[in-house]
Amino acid sequence: MLKSKKVDNFCRIENPHDIEVLKRQIYHHLLTFQGRDPELAGSRDIYSALAYTLRDLLIENWIKTQRTNYRKRKKRIYYLSLEFLIGRSLGNGLINLGLYDEVDAALKSLGYDLDEIRDMEEDAALGNGGLGRLAACFMDSMATMGLPAYGYGIRYKFGIFYQRLLNGHQVESPDDWLRYGTPWEFQRPHHMFPVQFYGQVKHYEDKAGNKKVEWIDTEVVMAMACDYLVPGYGNNHVNNLRLWTAKASRELDLSFFNQGDYIAAVQSKVKSETLSKVLYPSDDIREGQELRLRQQYFLVAATLQDIVRRYTKKNKSFDKFSDKIAIQLNDTHPAIAIPELMRLLVDIEGLKWEKAWQICVNTFAFTNHTLMPEALETWPVETLGRVLPRHLEIIYDINHRFLKKVEVHFPGDGAMKKKLSLIDEGKVKRVRMAPLAIIGSHSINGVAELHSKLLRTRIFKEYYEIFPERFNNKTNGITQRRWLLKSNPGLAELITDTIGDAWITNLEHLRELEPFAEDSKFQKKWALAKKNRKVKLAKYISRVCGVNVDPESMFDVHVKRIHEYKRQLLNILHVINFYHWIVKNPGRKVVGRTVIFGGKAAPSYSKAKLIIRLINSVADVVNNDSRADGKLKVVFIPNYVVSVAEKIIPAADLSEQISTAGTEASGTGNMKLALNGALTIGTMDGANIEIREEVGEENIFIFGMTAEEVEQERKNPSRSPKDIYASNDEVRRTIDSIRNGFFNNGDKEEFRPLADSLMDPHDPYMHLKDFEDYLRCQEEVSRTYRDGKSWWRKSILNVARIGKFSTDRTIREYAEDIWGVKIEE
C-alpha cells in the first residue's frame, strides 16, 4: 500500500487562482482524460475538461477532510434519502471553491463563454420536487458548516422523466442524464456490498442452545458505491454523496451459458441491474410497487453495511455505535432501515434484542414530509414478506413489544391497539411505515411549525401521547449559495456591495438591508437587477415556448410539482376570470401580467395531467387574442428542473403559494422566491405562516381559510360550491367557460372532470370556497404593483427578513437538537 501522510505529496494543482494554471489544466484534461485535440474541442469537451480540473481540487480537499474526521474520531451524520435533486454541479463548485471569476476569465481567453459551458451539463434530476431538493441543500449546508456528514441515495440511470408538451399534453420520455457520462463521479468498485432478496428464514439452535436465525436461499444483487463530492463554501471541507448502483452478483450465469442459452445467461444480470435504473417506477401495478420496495431496501442494506464497515475500523464492540453515528431518515422511504439494523445487530452480530433495540432507537431520527394520508407509505404484508421475509418477522416482533406499551397507555382499549398497530388489518393486510419510523427513532420532526403541530394533534396524535419527548419541529430552509449567490449574481452583487458578504454564510445579515428599503436610489438599483433577470427569462421563454412576453409586465410565477392540493387549478381559474374581464372591459387600464407555470405531473396522475392540458389550452386562447395584448400572457415552461428553476425564480415578481391550508408540509419554493425579491400570495399553510411572521403581514398577500377553518368546513359546510356558483357571476362565468369548451374548440367533454371536481360538494381542496377571496387578494396585488415605490419597498424587506430560512440554520438545529453534534465555529 502506498503511504503518504501529506496530501501535498499527491499530484496537485499549484495556485488554482492563476488563470494561466487553469488554462493549462483544462488543456491537460482535454488531452489525457478525453483524448481530444484542443484545436478541435467543442463546448462539451471544454465542460468535461473544466469539471475534471475542479474535481482534482475537490478530491484533494476530500482526502484531507476524511483524514481529519478519522483523526478526531468525530460523530458522523448519515443522511438517507431516496431522492437527491442535485441539479448541476459546475457553477456551484466554482462558487464554493471561490474560482468563478478566475475560470470565467480563463475561458474567455480560450474563446469560450462560461454560461454556455455550464449549459453543457445535464441536470442530475434524481428527485421530484421539494424532498430531493431539500436533501441537496442540506448537503451544501453540512459541508459549509464543516460537519462530518454523508448523503446516501441511489444512482438512478434515468432521473425524473423529461417532460415535453404535445398539443398541450404532458408527454414523458426517459431522462438519460448519464448518456454522456459524468465527470463528477468516482466509482468505487472496492466498495461493493451484497444485498439479499426473497428466500426463506431458517430458525435453529446452535450447540450451546442459543436461538439463531439465518436468511437463506436468497437472490443477491451487488451494490457498488459511486461518490459525488460536495464542497463547503470557502472552507476546503468536502463531504461526499454516496449513490449506489446495482450490479449483478455474477456477470453471466455460466450454467445457462454452457448450455448455449445465451439469453438466459444474461437475463439475471439485466434483472439485477434494473434496480437502480429508474426513479419512481410506476406504482399502479404490482411489479412497480415491488421494484420500489426493492429499491428502498437496496439503499438501506448497502448503506448500513457501509456504515458498519466504517464504524468497525476503529471500534471492537457496538457499545458506542449511537454515540458515533446519527442516521437521519428523510421521510418514510428509508424506514426499512430500522428492521435491517436490527437484523444486522441481532442475527449477524449476535446482540440481545433489548440492547440492539436501544442502539437502533438512539441512532435513528425521522423527518416526516407530508400531511396527505395517501402519502403515508404502506406495503402489503404479502409483498414485504415475500421480498424481505426476515424483515417482516422483525416488524412483527417490534409490533408485539410496542403493543404492550400501547396497553400501558390505553389499558383495555382494543380499538386503540388496532389503530396504532404497525399492521393495518384491513382487507389487504399492510405494514405502516411511518409508525415504524416513529417507534424506531428517538426524534420525529416536522418541517414547519404548522406541519409539526398537525403531526402532534391530528396525524400522529396517539403516538405523540406515548412518545411526547420525541416530537419536534425543524422548519425547512434553502441554501443561499445556490439560490441567490449562484442563481442571481446581479442581485447578489448589489447586496454585497451594500452590506458586505457575510450573508453568504449567515443569512441573518440580510437584516442590514432594512434601512435601504425606503431609499429611492437603492430601489432603482433593486428594480434594475430584477428587470435584467426578467429580460433574460423572456428570451428563454421565447426560445423554448415560442411566446413573446413583456419584461415590464408582472411576472406571476407558479412553479412546483403539479398536484391538486397545490392548486394550480385555482390559479388558472383566476387567469380565466382576468381574461374575461379584459375582454369585457377593452378600454380599461390594467397591470399587465405574465403568468408562468412550471412543474411535472406524475405519469399515472391523470387529473394533474389534465390540469396541465387546461393551462396550455387557456394559454393558446389568451396568447392569440389581440384584445389581451399588453395585458395578459400565459406560459407553461416545460421540463421544470433545478437549472430551469435557476432561470425562473430570480425573475419572479409574484410567488404563488396557494395550497389548501393544512396540506403543504412546508414548501421551499416559497423561500427561494422570497429570497430573490418576489412577494408571496398564499394561504396560511406550511412555511407561509412563518414567512409572514418574519417579513411582516403588510409585506405578504394572504387569503383563504386557515387549516382549522378548512377542517371545520369539511365537518360542517357553510356554503356549497353550488351556492357559490349560483351567487357569483364571476365564478359562474369562469366555470361555464371550462364546461362549455370555450378553451377547447367547443369540446365539452375533455375538461368536464375538472369542472365536476370544482363543483363537487366534497372537493377536498376547497377550490371555490377560497376562490372569491383569492380574486380579492389578486386585486390587492395589482394595486400594489402599480405603486412601484411600495412594491420595491416590500420586495427589499422580504429579502432583508428572510434570513431564518437558510438550511444553515436548519442544519444547526438538527445537529444540536437531534444528532448531538457540536458545530465548530
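Which residue forms a salt bridge with R390? The partner is E393, and the closest N and O atoms of the pair are 2.9 Å apart. Keep in mind as you explore that this is a predicted model. Below is a friendly tour of its charges and its empty spaces.

**Charged residues**

- The R390–E393 pair belongs to a total of 60 salt bridges.
- Both R390 and E393 sit in helix α14, which covers residues 389–409.
- Three residues separate R390 from E393 along α14, and that is about one turn of the helix.
- Elsewhere, R73, K313, K314 and K320 form a positive patch on the surface.
- To find one member of this patch, look for K313 in the loop between α9 (286–312) and α10 (321–324).

**The second largest pocket**

- This pocket holds about 1200 Å³ of space.
- Its lining is made up of 42 residues, and those nearest the centre are Y100, D115, R118, K486 and P489.
- Several helices give at least two residues each to the lining, among them α3 (90–96), α4 (100–110), α5 (114–118) and α19 (480–486).
- Also on that list are α20 (489–499), α21 (520–545) and α24 (642–648).
- Helix α21 provides the largest share of the lining, with nine residues.

**Enclosed cavities**

- Rolling a probe the size of a water molecule over the atoms shows where empty space is left.
- In this model, five cavities of 30 Å³ or more are counted.
- The largest cavity contains about 290 Å³ of space.
- Around the largest cavity there are 19 lining residues, of which I86, S89, N92, L229 and V230 are closest to its centre.
- Two or more lining residues of the largest cavity come from each of β2 (84–87), α3, α6 (130–144) and β10 (219–231).

Technical notes:
Residues are numbered from 1 along each chain as its sequence is written. This is a predicted model: local features need pLDDT of at least 70, side-chain atom pairs count only at pLDDT 80 or more; totals for chains, interfaces and linings use all residues. Side-chain values use heavy atoms; hydrogens and water are left out. Patches are made of residues with over 30% relative accessible area and no salt bridge: like charges are joined within 9 Å, nonpolar side chains (Val, Leu, Ile, Met, Phe, Trp, Tyr) within 5 Å. Accessible areas come from the Shrake-Rupley method with a 1.4 Å probe; for residues, only the protein chains shown count as cover. A salt bridge is a side-chain nitrogen of Lys or Arg within 4 Å of a carboxyl oxygen of Asp or Glu. Lys and Arg count as positive and Asp and Glu as negative; His and the chain ends are not counted. The place of a charge is taken as NZ of Lys, CZ of Arg, CG of Asp or CD of Glu. Helices (H or I, at least four residues) and strands (E, at least two) are DSSP runs, numbered from the N terminus. On a 1 Å grid over the protein atoms alone, a cavity is a set of points where a 1.4 Å probe fits but cannot get out, and a pocket is an open set with protein on both sides within 12 Å along at least five of seven lines; lining residues have an atom within 4 Å of a point. Grid points are joined across faces, edges and corners, and a volume is the space filled by probe spheres set on the points.
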